[in-house]
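Work through the exercises below with the structure open. Try each task before reading its solution.

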Amino acid sequence: MSADSNGAAEWILCPGCRIPLYGKRFARDLGVCAECGKHTPITAQQRIEQLADGGRFEPFAVASTDDDPLDFTDTKPYRDRLAAARARTGMPDGVLCAFATIEDNPVIIAAMDFRFLGGSLGTAVGEMITEAAETALAECIPLLIVTASGGARMQEGALSLMQMAKTSAALEQLDRAGILTITLITDPTYGGVAASFATLSDVLIAEPGARLGFAGRRVIEQTIRQELPAEFQTAEFLLARGLIDMIVPRSGLRQALGSLLRIVTPVAAAAGPALSDPGTITDPDLVSETDPWVQVRRARRPSRPTALDYFALAFEGFVELRGDRISGDCAAVVGGPAWLDDRPVMVIGQQKGHEPKELMARNFGMPTPAGYRKSARLMRLAEKLGLPVITLIDTPGAYPGATAEEQGQAIVIAENIRLMSALRVPVISVVIGEGGSGGALALGVANRVLMFANGTYSVISPEGCAAIVWNDPAAAPNAAAALCLTARDLLRLGVVDAVLPEPGDDVGGAPLAAANQLHRALVANLRELSGRSGEDVAAERRARFRRFGVRRQAQVRSVA
């Protein structure tokens, strides 16, 4: 390694691929190797400078804590270790907290620095993280935590352990107040940090290759006496298992964070016109009468626009959030925040696909329990942030496999239905293709239920009904007619509130026209629901579903 006249390294050896890198280019690449993509560690100050607009930020005052509460000594006194770390890093302890803006969105940033005793969580770090959360609470500003830590600081004993509870309680207060929290996971993030504030945020973003876990790899291998795969605990490993929302390279972090922060940054709403015509049909006699079996086949056409197609065409700025935060991610359910005109919303949809390969990857639109848990997580986040929920339904039904039953398929569907019935934000559901049984209803408990003209919605598939009731699968066309599953029938029954006309018999030939129709209907219905209290929209939703099956008003006997 050589240095220029200013003392900066002219050449740097990549710790990943061991290829020499030109120092100035390496700095321009934000500390990422241009050859192998290795994201090298950076300091807390560098991190905030990279993220903040113009590299500008206002640091917080240093928290006052006891340097050595246990008077701890191992091979050297803890106070000496602290003094050496401070001299080496120029930091009072392992975290830098500051106020900044990212793409003009205000944010409180708490960035950990692994150089300071491995970024360990001691009383000073816990106090600074807590103060950052309390400032975010007082100012109603989102909190961004950048983690890099080996875990709790052993030299502070149980007091270090208590910081896990202290910081977790601080984030819980932000949940109650409806304030967005984001964690940027960098390499490494382990132990008490991973098992507290690092993983409690609303959105978990990781840099490529970042490792996160409770126990370290070496400890696990010694315990189970097995060699773990190379990708174990990496961001890629975690994403595949539904434990984080996304992986974003360092060069894309400002844009990704800006998109998320913008959702909760107050903006002056554009003066909109009076309630526009939604372009929907509310009189069943005006809906074209078609053969039910023909409509079933139309609803299943792979050429129909999918949820992701509509997210791209009818909305703006969609950011996909992944995972159920428990054990999996289901590709048949997609969702995240987006914009409908000048309003942020949470969109969730059942995703099929167009080609055989995508259909198989998406499990033909049949969600697993992880998919319903993911949708529930996104709905709770929407309620926390005050975002309307829009769901797009297109599924043959919930996945009927053995693993789904082992993971509680019936339970997660029931929990989704209950959750949706009580959400204190407006909810609009749209059947864009198939609405198959409880698997569809788990995303369909809404204030307004809309349906494309060639969609279907039924308690069971015609084939399943024919096999059970007719004892003849060939009777599926008869079953389709008997089930009253067409848009015309469902509008007459009140199951759907309005029907969206389709541009011809094959909506797949005009996806933009269909998206414009969807956008128009959603804007009109959302305006109608806007301005109502959370209690009112939840009560209206309960009343909507309470009426199904009632022939006359129930008489309630008064009690003296």
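**Exercise 1. A positive phi at Asp104**

Decide whether Asp104 is buried or exposed, then place it in the chain.

Solution. This is a predicted model. Start with accessibility. Asp104 has 67% relative accessibility, so it counts as exposed, the cut-off being over 50%. Next, locate it. Asp104 sits in the loop between β4 (95-102) and β5. Last, check the backbone. Its phi is near 70 degrees, a positive value in a residue other than glycine.

Now turn to Asp341. Its phi is near 55 degrees, again positive in a residue other than glycine. The loop between β11 (333-340) and β12 holds Asp341. At 40% relative accessibility, Asp341 counts as partly exposed.

**Exercise 2. Where to trust the model**

Find which residues have pLDDT under 50.

Solution. Take the chain average first. The protein chain averages a pLDDT of 93, and 95% of the residues score at least 70. Then look for the weak stretch. Over residues 553-560, pLDDT stays under 50. For that stretch the model has zero contacts beyond four places in sequence. Where pLDDT is low, the predicted coordinates should not be read in detail.

**Exercise 3. Helix α5**

Test the length of α5 against its residue count, then list what it buries and what covers it.

Solution. Step one is length. Helix α5 covers residues 157-177, which is 21 residues. At 1.5 Å a residue it should span 30 Å. Its end C-alpha atoms are 32 Å apart, which agrees.

Step two is burial. The buried residues of α5 are Ser160, Gln163, Met164, Thr167, Ser168, Ala170, Leu171 and Leu174. An α-helix has 3.6 residues a turn, so residues three or four places apart point the same way.

Step three is the cover. It includes α4 (123-139), β6 (143-149), β7 (181-190), α6 (191-194) and α13 (369-385).

Step four is a single residue. Ser196 lies in the loop between α6 and β8 (203-206). At 1% relative accessibility, Ser196 counts as buried. Beyond its neighbours within four places in sequence, Ser196 is in contact with Met164, Thr167 and Ser168. These three are among the buried residues of α5.

Step five is the exit. Just after α5, Gly178 takes a positive phi of about 75 degrees.

**Exercise 4. Strand β6 and its neighbours**

Work out which strands pair with β6, and in which sense.

Solution. Begin with β5 (residues 105-112). β5 and β6 are parallel, paired over four bridges. Ala111 has Val146 of β6 as its bridge partner. From β5 the chain crosses through α4 to β6, and this β-α-β crossover is right-handed.

Move to β7. Six bridges join β6 to β7, and the two run parallel. Val146 has Leu184 of β7 as its bridge partner. With α5, the strands β6 and β7 make a right-handed β-α-β unit.

Now check the faces of β6. Leu143, Ile145, Thr147 and Ser149 point one way. Leu144, Val146 and Ala148 point the other way. All are buried.

Finish with β7 itself. Pro188 is in this strand. The peptide bond from Asp187 to Pro188 is cis, with omega near -10 degrees.

**Exercise 5. Strand β15**

Identify the strands that pair with β15 and describe its two faces.

Solution. Take β14 (residues 427-436) first. Four bridges join β14 to β15, and they run parallel. Ser429 has Val449 of β15 as its bridge partner. Then take β17 (residues 498-500). β15 and β17 also pair in the parallel sense, over three bridges. Here Leu450 stands opposite Ala498.

Next, the faces. Arg448, Leu450 and Phe452 lie on one side of β15, Val449 and Met451 on the other. All are buried.

**Exercise 6. Cysteines**

Determine how many disulfides the structure has, and how far Cys14 is from the nearest cysteine sulfur.

Solution. A search of the whole structure finds zero disulfides. For Cys14, the nearest cysteine sulfur is that of Cys33, 3.6 Å away. The cut-off is within 2.5 Å, so Cys14 is in no disulfide. Then check burial. Cys14 counts as buried at 1% relative accessibility. Cys330 is buried too, with a relative accessible area of 4%.

Conventions. Residues are numbered from 1 along each chain as its sequence is written. This is a predicted model: local features need pLDDT of at least 70, side-chain atom pairs count only at pLDDT 80 or more; totals for chains, interfaces and linings use all residues. Side-chain values use heavy atoms; hydrogens and water are left out. pLDDT is the predictor's confidence in each residue, from 0 to 100. Contact means heavy atoms within 4.5 Å. The expected span of a helix is 1.5 Å times one less than its number of residues. Buried means under 20% relative accessible area, exposed over 50%, partly exposed in between (1.4 Å probe, protein chains only). Two strands pair if DSSP finds at least two bridges between them. A crossover is right-handed if, with the strands pointing away from the viewer, the path from the first strand over the helix to the second runs clockwise.
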